[in-house]
Amino acid sequence: MSRSPAPPPRGARTHRTRSSSRFRGWLRHHRAMALDSARRLLRTPIGSLVTMLAIAIALVLPAALWLTLDSARLLDAELTESATLTAYLAPGVDDGEAGRIEEALGAQPGVARTRLITAAEGMAEFQQALGLTDALARLDDNPLPASVVVTPEVPAPDAVRELAETLGALSGVEEVRLDMAWIERLRSLAELGQRVALALAVLFGGGVLLVVGNTIRLAVESRRKEIEVITLIGATHGFVRRPFLYSGAWYGLGGGLLAWVLLTLGGEWLAAPVSALAASYGASFSLPRLGAGGSATLVGCSILLGWLGAWIAVSRHLAEVKPR
């Protein structure tokens, strides 16, 4: 009597099927909780909008300061690249010798380019700048020396100072002038602004956590009975916490988008006066914009703060919710 072959083992396939079903159920629950939390926010539009607006206001100030510092860094880079040295030649140096000295200066390592200003050209510029053409024309001799404007290859302050010492030791050079103090002051102010921006970001980030945490705490209290019931039938804290975390993320998303709108509208509102002010000084300047990367960072940080504030509030209050 022949025996029928035994059926092949199905344990691995069953395990894979159960794992995939569990994962699909997990995704379905996340999707359901996200939609349910969004619907709950839409049922109270005024309260939800006020919470999102509070988050947006808390984010606007550090973001605006960050944009201002970003424009200051761009300005600092432009000013540093435009840093030059002025080498004043010894009195009595004629134009031919001044040309040879300029060639010697240009041959020094660390020098990008040079420009010779003869004594006559220097006097003409001085007369035009002061408007004293007739008075200075009565002078018997030109008291101004020839000079060479030197542009360094590396505009870093330390490298420029070292180059100034090297050029000042060359024959025919009377003095090398370097004014980097105002650039260093600008950098010190930028560093101070960065620390202030960081402090404000931490401070207002804590404010966002408090706003979201207080809102979620009220939501937990309003659903206390529901939480007690589902806890009695075996729901874990992660299951109970999930809809509130999505609520915090929705609050953060709305607050981040509102902050982006406020920054964009504020930039458009101030663009014309800032351009007019810069034009009055003969310069062109435009307010910096967030761009795609900055906008994504702003909204992402807002969502993270909303989620974190909800997680802290729910974890704290779930410990106090006991089934009775």
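The exercises below, each with a worked solution, concern a predicted model of a single chain.

**Exercise 1. Confidence**

Establish how confident the prediction is across the chain, and find which helix has the lowest confidence and which the highest.

Solution. Begin with the chain as a whole, which averages a pLDDT of 76, with 74% of the residues scoring at least 70. Then go down to the individual elements: helix α5 (residues 133-137) has the lowest confidence, at a mean of 51, whereas α10 has the highest, at 86. Where pLDDT is low, the predicted coordinates should not be read in detail.

**Exercise 2. Overall architecture**

Describe the secondary structure of the chain, and state how much of the chain is buried.

Solution. Counting elements gives 10 helices and 4 strands, and reading them along the sequence gives the order α-α-β-α-β-α-α-β-α-β-α-α-α-α. Of the 324 residues, 32% count as buried. The accessible surface comes to about 20,400 Å², and carbon and sulfur atoms account for 63% of that surface. As for contacts in the chain with a separation of 6 or more, 81% of them are between residues 24 or more positions apart.

**Exercise 3. The pairing of strand β1**

Determine which strands pair with β1, and in what direction they run.

Solution. Strand β1 covers residues 85-89 and is mostly covered, since 4 of its 5 residues are buried. Take its partners one at a time. With strand β3 (residues 147-152), β1 shares 4 bridges, and the two run antiparallel; within this pairing, Tyr88 stands opposite Ser147. With β4, β1 likewise shares 4 bridges in an antiparallel arrangement, and here Leu89 has Val173 as its bridge partner.

**Exercise 4. The loop after β4**

Locate Leu178, decide whether it is buried, partly exposed or exposed, and list its contacts beyond its sequence neighbours.

Solution. Leu178 sits in the loop between β4 (173-177) and α7 (181-222). Its relative accessibility is 29%, and because this value lies between the cut-offs of 20% and 50%, Leu178 counts as partly exposed. Setting aside neighbours within four places in sequence, Leu178 contacts Thr84, Leu85, Val160, Arg161 and Ala164. A C-alpha distance adds a further link along the chain: Leu178 and Thr86 are 92 residues apart in sequence, yet their C-alpha atoms are separated by 6.9 Å.

**Exercise 5. Two salt bridges**

Identify the salt bridges counted in the model, and describe the exposure of the residues that form them.

Solution. The count comes to 2 salt bridges. Side chains of opposite charge can pair when their charged atoms come close. In one salt bridge, the side chains of Arg40 and Asp36 meet with an N to O distance of 3.0 Å, and both residues lie in helix α1 (residues 11-43), 4 residues apart, which is about one turn of the helix. Arg40 is partly exposed, with a relative accessible area of 30%, whereas Asp36, at 16%, counts as buried because its value is under 20%.

In the other salt bridge, Glu97 and Arg100 meet at 3.9 Å, again from N to O, a distance that falls within the 4 Å cut-off. These two residues belong to helix α3 (residues 95-106) and are 3 residues apart, about one turn of the helix. Glu97 is partly exposed at 36% relative accessibility, while Arg100, at 53%, is exposed because its value is over 50%.

**Exercise 6. Helices α9 and α10**

Compare the surroundings of Ser247 and Ser295, and then describe the nonpolar surface patch to which Trp307 belongs.

Solution. Ser247 lies in helix α9 (residues 237-280) and counts as buried, with 9% relative accessibility. Not counting residues up to four places away in sequence, Ser247 touches Ser37, Leu41 and Ile216. Ser295 lies in helix α10 (residues 291-318), and at 15% relative accessibility it too counts as buried. With close sequence neighbours left aside in the same way, within four places, Ser295 is in contact with Trp260 and Leu290.

Trp307 is also found in helix α10, but its relative accessible area of 37% makes Trp307 partly exposed. Together with Leu304, Leu308, Trp311 and Ile312, Trp307 makes a nonpolar surface patch of about 470 Å².

Methods: Residues numbered from 1 in each chain as written. Predicted model: local features only at pLDDT ≥ 70, side-chain atom pairs only at ≥ 80, totals over all residues. Heavy atoms only, no water. Buried < 20%, exposed > 50% of the residue type's maximum accessible area, 1.4 Å probe, protein only. Contact = heavy atoms within 4.5 Å. Areas by Shrake-Rupley, 256 points an atom, 1.4 Å probe, with all protein chains shown as cover. Patch = residues over 30% accessible without salt bridge, like charges linked within 9 Å, V, L, I, M, F, W, Y side chains within 5 Å. Pairing = 2+ DSSP bridges. pLDDT = per-residue confidence, 0-100.
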